[in-house]
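Visitor: I should like to go through this model and ask on what grounds each term is applied.
Guide: Certainly; let us take the terms in turn.

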Amino acid sequence: MKIQGPKGTKDVLPSQAYKWHYIESKIRELCSINGYYEVRTPVFEHTELFERGVGETTDIVQKEMYTFMDKGGRSITLKPEGTAPAVRAFIENNIFNEPQPTKMYYITPCYRYERPQAGRLREFHQFGIEAFGTQDPYIDAEVISVGMALFKTLGIRNLELRINSVGCPKCRKEYNAKLKAFLHPELLHLCKFCQDRFNTNPLRILDCKEEKCKERLANAPYMLDNLCDDCKTHFEGLKKGLDIIGLDYIVDPKIVRGLDYYTKTAFEIVSNDIGSQGTVCGGGRYDGLIEVCGGPSTPGVGFGLGLERLLLIMESQGISIPEQEKIQIFIAAMGEKANDMAMKLMFMLREASIRAEKDYLSRSLKAQMKYANKIKAKNVIVIGDEEIQKEIIRIKNMENGQEVNVPLNNIDEIIKEMER
Ligand code: ATP
Ligand code: MG
């Protein structure tokens, strides 16, 4: 029986991997310029980390986690996001004792049990950054700028940066009471999830995607209009920071990130080019998270950016990615002796960093030439009895059709002629 990959997973095939390499190299370059250093955390963690760090009331923890018992009877979860593991590593390795801020990034697979569709997979990949150890709103602006810079260097257009403030535990408490007073008469008209959220996390009701809930919430009070002085000042600071570095934004009081630990800044970067899963990057500030995960009280801010969605946007905007480099030379051979010579020559060329190939399927000369064409070899050498006897080979440039003779044993000369 043919075995298929699990639902919601996607192979990156050898012919396509260059796209990922390209994006990853741009990410690494950008992070280096901005002073973010890579953290690599395990693919699995103790389930409790996400229950605490993502939050019991979130969709991720309630519905989407890949959780199982390992053979030692521990509850293990495949990471659904990158922030909680980065926070765990920050605490466990006492990085909080080092001079702050701590700035890290990751490129990681994430696992969520969701209904697969365009831009929504069960295994997907995130690029994320985190800045720990400062409440300065200018670092929120910096974090946002790194996400925006990635889109810019990749040539992606038509993105909207939407920002909001979701307050802090102090002002949210008062606001929640206001919101609940507004919601109470509507409760029976809301979906089942929202009815549950009413008690656990009413703010999340504003984020519901159900049409009937959206209608009922049109006149709900916004957190943004109910911030305490501290949160208000912080939000003004964020806007000023974005203005200074020249990033356009839209203040959108409806943005409520899905994770429980967000405080103050919440933002999304949205594309209108890839349908309903248009949010390609989401993030914000989470000043309570490190403490919730057992560390010393430390503020933090970061984002997660979906790489599959990023690729979808690039595709829809017709942005081409430089293809991987082609074979520079194919060595065709006729007969056993010539085959041995081709083997030797190929390895000598590879030692000199030339991408060389030969035939491994005992093809006829004609078939070897056809194959060389197929793999788009830039040059071809043919070795037969005559070439071995005269110790002279002929290099054919497949792009312009030119041919030159070169001494068989002179690698430098061969390379020089190939590169003409
Ligand atoms: P959504 O509202 O689309 O479910 P989310 O709020 O769950 O997104 P985050 O947890 O903020 O998403 O993750 C950050 C980014 O990761 C998203 O903006 C998106 O680009 C990407 N992402 C999230 N879930 C998936 C998924 N199942 N498949 C592919 N990409 C995803
Ligand atoms: Mg989601």
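Visitor: What distance separates the centres of domain 1 and domain 2?
Guide: In this predicted model, the two centres lie 50 Å apart, taken over C-alpha atoms. Domain 1 consists of residues 17–168 + 228–316, and domain 2 of residues 329–418.

Visitor: Which residues come nearest to ligand 1?
Guide: They are Arg112, Glu114, Arg120, Leu121 and Arg257, out of 14 residues around the ligand. A residue belongs to this group if one of its heavy atoms lies within 4 Å of the molecule.

Visitor: How do the residues of the shell around ligand 1 divide into nonpolar, polar and charged?
Guide: Four are nonpolar, five are polar and five are charged.

Visitor: How do you know that threonine 279 has a polar contact with ligand 1?
Guide: The cut-off is 3.5 Å between N or O atoms. A backbone N or O atom of threonine 279 is 3.1 Å from an oxygen atom of the ligand, so the pair satisfies the limit. Glycine 306 also places a backbone N or O atom at 3.2 Å from a ligand oxygen. For arginine 309, an N or O atom of the side chain is found 3.1 Å from an oxygen atom of ligand 1.

Visitor: How much of the area that ligand 1 exposes when taken alone does the protein bury?
Guide: The protein buries 88% of the 590 Å² that the ligand exposes when taken alone. Elements giving two or more residues to the shell are β6 (123–132), β10 (279–285) and β11 (300–306). The largest share comes from β10, with three residues.

Visitor: Why is arginine 285 called buried?
Guide: Buried requires a relative accessible area under 20%. Arginine 285 has 0%, and therefore counts as buried. This residue is found in strand β10, and its side chain makes a polar contact with the side chain of histidine 234 at 3.5 Å.

Visitor: What makes the pair of aspartate 59 and lysine 63 a salt bridge?
Guide: The limit is 4 Å from a side-chain nitrogen of Lys or Arg to a carboxyl oxygen of Asp or Glu. The N to O distance between these side chains is 3.8 Å, so the pair qualifies. Because the two residues are four apart in helix α3 (residues 59–64), about one helical turn separates aspartate 59 and lysine 63. Aspartate 59, at 21% relative accessibility, is partly exposed, and lysine 63, at 37%, is also partly exposed.

Visitor: Why is arginine 40 called exposed, and why is glutamate 38 called partly exposed?
Guide: Exposed means over 50%, buried means under 20%, and partly exposed is the range in between. Arginine 40 has 68% relative accessibility and is therefore exposed. Glutamate 38 has 29% and so is partly exposed. Their side chains meet in a salt bridge with an N to O distance of 3.2 Å.

Visitor: How do you know that glutamate 323 and lysine 326 meet in a salt bridge?
Guide: Their N to O distance is 3.4 Å, which lies within the 4 Å limit, so the term applies. Glutamate 323, at 54% relative accessibility, counts as exposed, whereas lysine 326, at 27%, counts as partly exposed.

Visitor: Which residues do salt bridges with shared partners join into one network?
Guide: The network consists of Asp59, Lys63, Arg197, Arg204, Asp207 and Lys209. The count for the model comes to 28 salt bridges.

Conventions. Residues numbered from 1 in each chain as written. Chains lettered and ligands numbered in written order. Predicted model: local features only at pLDDT ≥ 70, side-chain atom pairs only at ≥ 80, totals over all residues. Heavy atoms only, no water. Domains from an automatic or database assignment. Polar contact = N/O pair within 3.5 Å; in protein donor to acceptor, adjacent residues only side chain to side chain. Areas by Shrake-Rupley, 256 points an atom, 1.4 Å probe, with all protein chains shown as cover. Nonpolar A, V, L, I, M, F, W, Y, C, P; charged D, E, K, R; others polar. Buried < 20%, exposed > 50% of the residue type's maximum accessible area, 1.4 Å probe, protein only.
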